[in-house]
Amino acid sequence: MTVLGQLALWLALLLGVWGAVVGYLGGRRGDLALIQSARRTSYALAGILTVAVVALLTALVKNDFNVAYVASYSSRNLPLAYKLSALYGGQSGSLLFWAFVLSLFAAAAQWLTARRYAYLLPYAAAVTSVVTAFFVAVALFAANPFERLDFIPMDGRGLNPQLQNPGMVIHPPMLYLGYISITIPFAFAVAALFTRRLDVGWLHAIRKWTLLSWVFLSVGITLGMWWAYVELGWGGYWAWDPVENASFLPWLTMTAFLHSVMIQEKRGMLKRWNVILVGVSFALSIFGTFITRSGIISSVHSFTQSSVGYFFLAFLISGGLFMAWLTWSRWELLQTEARLESAVSREASFFFNNLLLVGMAFSVLWGTMFPIISELVRGTQVTVGPPFFNQVNIPIGLALLALTGIGPLIAWRRASPQNLQRHFLVPVALAALVALGLVAIRLSDFYAGVALTLAAFVTGTIVQEFVRGTGARHRLHGENYALAFARLVGRNRRRYGGYIVHLGIVTYFVAFTGQAFNQNLEASLKPGESVTMRSAYGDEYTFTHVGVSQYEALNRFVSAASVDVARNGQRVGVLTSEKRQHVDSFGRPSFEPSTEAAIRSTLREDLYVIYAGAVNGTEEAVYRFTINPLVAWVWIGGAILVFGGMITLWPGGGPSERSIQRGMEGYQAKLPAAGVGV
Amino acid sequence: MLAGVLVVGTVGFLMATGIKETGVYYVTPSELAAKVSADASFHDVGVKMGAKVVPGTIQRDVATQTITFDVTDGQATYPVVYRGLAPDTFTDDVEVVVEGRLQPDGTFRATTLLAKCGSRYEAVPEA
C-alpha cells in the first residue's frame with residue numbers, strides 16, 4: 001500500500017504543477033480546453049490524494065510497523081479510533097492530511113461556484129493547485145509519511161497519551177479545516193486581481209467559504225480549549241501559548257474580513273483593505289504552521305524540529321512577495337467608491353471593529369514573536385506571557401464587545417439622534433441596570449464588571465432586534481408570533497444568523513469573566529483528611545480524601561485517587577482523578593505519566609481536581625483543587641456560535657440580483673477611467 | 001480619520017506599556033551568571049531561565065511540596081527551589097523553563113516551572 005501511496009503523492013505533485021499552468025494560461029487566454037483541464041485537474045487531485053490518505057490509513061489499521069510513520073504514532077493496543085486519528089497525529093501525516101483536505105475544498109469550489117462567477121475559476125484552480133502541490137512537495141521531500149524502515153519493529157511507539165482523547169480526535173481536523181479553507185477565499189482574491197474584475201463579484205462568490213472557514217476556526221479553537229482544559233491538567237483553557245496564538249491570529253483577521261466585506265458590498269469602500277486582509281489571513285494560516293513546526297519559538301506544544309520549517313518560510317516569503325506585487329499592480333483598480341462621512345455611522349463602527357481586530361492580531365503576533373524581535377534588536381531575549389496578552393487584549397476585546405452591540409444597528413452614512421435613541425435606549429438602560437446590580441453586590445473585578453455590563457447591552461440590542469422584527473411581521477402579514485419569528489430568521493438568514501453568532505460571542509465573554517474568580521488550593525491529604533475552600537459565589541466546599549486505588553486498563557496502568565465532595569455540608573459526590581502510565585503491548589512503559597483531571601461541571605462553576613501523586617507509596621495523596629466559575633459557558637458559547645453559523649451557511653439565500661447589478665454598475669463605470677477595456 | 005488614529009494609538013500604547021511592565025528576560029544559566037556579575041542588582045529582576053535538569057538532582061519534599069533540582073547549560077549551574085506541583089513531563093534530563101528570581105545565596109527561587117517536551121506530539125526518540 002505504501003508504494004501506491006508514494007505513487008499517488010508523486011502524481012499529485014505533477015497534477016498540482018499542471019493545474020497551476022493550465023489554470024493560469026486558461027484564465028489568461030480564455031481557452032476553453034485549458035479551463036476545462038484546470039477544473040478536471042482539481043477533481044483529479046482530490047481523487048489521487050484520497051488514494052494516498054486511504055493508503056496511509058490502511059497501513060495504520062493493519063499495524064504495518066515497517067512504515068516509519070505507523071511505528072512512530074501507532075501501536076498494537078491502540079484503540080481503532082485513535083489509530084485512524086494518528087493520520088494527523090504526526091508531522092508528515094498532517095501534511096498529507098492538509099493537502100488532501102485542500103484538494104477536496106478546491107474541487108468543491110470548482111463544483112459549487114455559481115456560473116456567473118466562472119470567470120474566476122481557472123485562476124482559483126491555479127492557486128489551489130500551487131498550494132496543494134506545495135504541501136505534497138513538503139511531504140515528499142522533507143517528511144514522507146510512506147517512508148519505510150529497514151527493519152520491522154515488533155510494535156509501534158503508540159500515540160502520545162495526551163492525544164488519546166475524543167477532543168483530540170476532532171480538534172486538529174477542525175482547526176485544519178479552518179486554516180485550509182482560508183485558501184479558497186484567498187484563491188478567489190488572487191483570481192479577481194488577475195482578471196482585474198475587482199467588483200463585489202469575488203466577494204459574493206466566496207461569501208459562504210469565508211463564513212465556513214471562520215466557523216471551522218472558531219470550533220477548532222474552542223475544541224482546543226476544551227482539550228487543554230480536560231487533558232493538560234492545569235485548570236485553565238487558554239494560556240497564550242505560541243501555538244494557541246497561531247490559531248487565534250487568522251481567526252482575528254478572518255473576523256475582520258467577515259465584517260469589512262459588508263462595507264465593500266454596501267458602499268464600495270475598503271477594497272484594498274479586503275484584498276490585503278484575505279492575503280494576510282492566508283499568510284497567517286501558513287505562518288501558524290511554520291512556527292509550530294520550525295521550533296523558532298519555544299512552546300510547550302512544539303513538534304520536533306525539522307527542515308519542514310524552512311519550506312514554510314520560503315513559501316511564506318515568496319507568496320507574500322507575489323501577493324504584494326499583484327496587489328500593487330492593481331492598486332488603481334481598487335479605488336474606493338465612497339468616503340467615510342461620519343464617525344457615528346455603521347461604516348465607521350465596522351471600520352473601528354477592523355482596526356481593533358487587526359490591532360489585536362498585531363499585538364498577539366508581536367507578543368508571540370517578541371523573544372525573536374528583542375534578540376535581534378537588543379541582543380537579549382525578552383519574553384512576554386499571559387500578563388502582557390491580557391493587559392493589551394482585555395481592553396481591546398471589551399471595545400469590540402461594545403461594537404458588537406453598536407455596529408449592526410447604527411445607521412449607514414450618518415446616524416441621527418433619533419436613530420440612536422430608537423435602537424439604543426432600551427439596551428443602554430438594561431446595561432445600566434446590570435451595572436448598578438454589579439456595584440450593589442460589590443463585584444471585585446473591574447474588567448469583569450465592564451464585560452458583564454457590555455454583555456447585557458449587546459444582548460439587549462439583539463433581543464430587541466428579534467422582538468421588533470417578529471412584531472413587524474406579525475402586524476404586516478398577520479402571522480402568529482412563532483411563524484413570524486421563523487420566517488424572520490429564514491428570510492434574512494445572513495442577518496439573523498449573524499445576530500446569533502454575536503450572542504455566542506457574548507456568551508464567551510461572560511464565560512471569560514469567570515476566570516477572574518478562580519480559586520486554587522494545593523493540599524497533601526491522608527485518607528479521611530479534608531480541606532475546605534470558598535467559591536467565588538460564597539459556597540463552602542469540603543474535599544475529603546477517600547483513598548488511592550491501582551489497576552490495569554487497556555493500554556495503561558492507572559493510579560486513581562478519590563475525594564468526597566460536599567457543598568455547604570451537603571454531599572455532592574465523589575471525584576476521581578487519575579495518574580496514568582501508558583504501556584506498550586509488552587507491558588513496558590511508554591511516554592511520561594499523564595494526569596486525568598476529575599471535573600464536575602455545572603452552569604455555575606466547575607470543580608476541577610488534579611491528583612498529583614501519592615506520597616512515598618502510601619495512600620497520602622497530593623491534590624490540587626480548582627473552583628472555576630462559568631467555564632461551561634465557553635462550550636455553550638461555541639455551540640451557539642456554530643448554530644448561528646449554520647443558519648447563515650444553509651444553502652440558498654445568496655445575494656439578490658439587485659445587489660449584484662448594483663455592484664457591477666459601480667464597477668463598469670470605473671473601468672474606462674482606469675484605462676481598462678472590458 | 002482622527003478617531004482611527006486614536007484607536008491605533010491606544011493599541012500601540014497598550015502594547016508598549018504591556019511589554020515594559022510584563023516583559024521578562026529569557027536567559028540561559030551562563031547568561032544569567034554574566035548579567036549578575038556585571039550588575040549585582042540583577043538579583044532583583046525576575047527572569048525566565050531555560051536550561052537542562054542535571055540528572056539525579058531532583059529532590060521532592062512532599063510534606064512542604066517543595067522540589068529542588070540543579071539546572072545547567074553545560075557551563076553554569078544553578079540550584080533551583082520550586083514550591084508547587086510539577087508538570088507530568090518534569091523528569092530527569094528534560095529541558096525546563098523556570099521563572100523567578102536569583103537569590104543572593106545563589107539559589108534560583110522559581111515561581112513557575114515548565115517542562116519543555118518535544119514529545120507533546122512526537123514520540124520520544126529512543127536514546
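Where chain A meets chain B in this predicted model, the contact draws 47 residues from chain A and 31 residues from chain B. On the side of chain A that touches chain B, at least two residues each are supplied by helix H3 (68-73), helix H13 (346-378), strand E1 (381-383), helix H14 (386-406), strand E2 (519-525), strand E7 (594-596) and strand E10 (621-629). Of these elements, H13(A) gives the largest share, with 9 residues. Taken by residue class, the side of chain A that touches chain B is made up of 23 nonpolar, 20 polar and 4 charged residues.

One of the strands just named, E1(A), also pairs with a strand of the other chain: E1(A) and strand E1 of chain B, which covers residues 24-27, run in the antiparallel sense and are joined over 3 bridges. To find this pairing in the structure, the reader may start from A:Gln381, whose bridge partner in E1(B) is B:Tyr26.

A second place to look is A:Thr459, which lies in helix H16 of chain A, a helix that spans residues 446-477. Is A:Thr459 buried or exposed? Because 20 C-beta neighbours lie inside 10 Å of A:Thr459, and the cut-off for a buried residue is 20 or more, A:Thr459 counts as buried. When residues up to four places away in sequence are left out, A:Thr459 touches A:Leu503 and A:Val506. For a sense of distance within chain A, the C-alpha atoms of A:Thr459 and A:His171 are separated by 29 Å, and these two residues stand 288 residues apart along the chain.

Methods
Residues numbered from 1 in each chain as written. Chains lettered and ligands numbered in written order. Predicted model: local features only at pLDDT ≥ 70, side-chain atom pairs only at ≥ 80, totals over all residues. Helix = DSSP H or I, 4+ residues; strand = E, 2+ residues; numbered from the N terminus. Buried ≥ 20, exposed ≤ 12 C-beta atoms within 10 Å, placed from the backbone. Contact = placed C-beta atoms within 7 Å. Nonpolar A, V, L, I, M, F, W, Y, C, P; charged D, E, K, R; others polar. Pairing = 2+ DSSP bridges.
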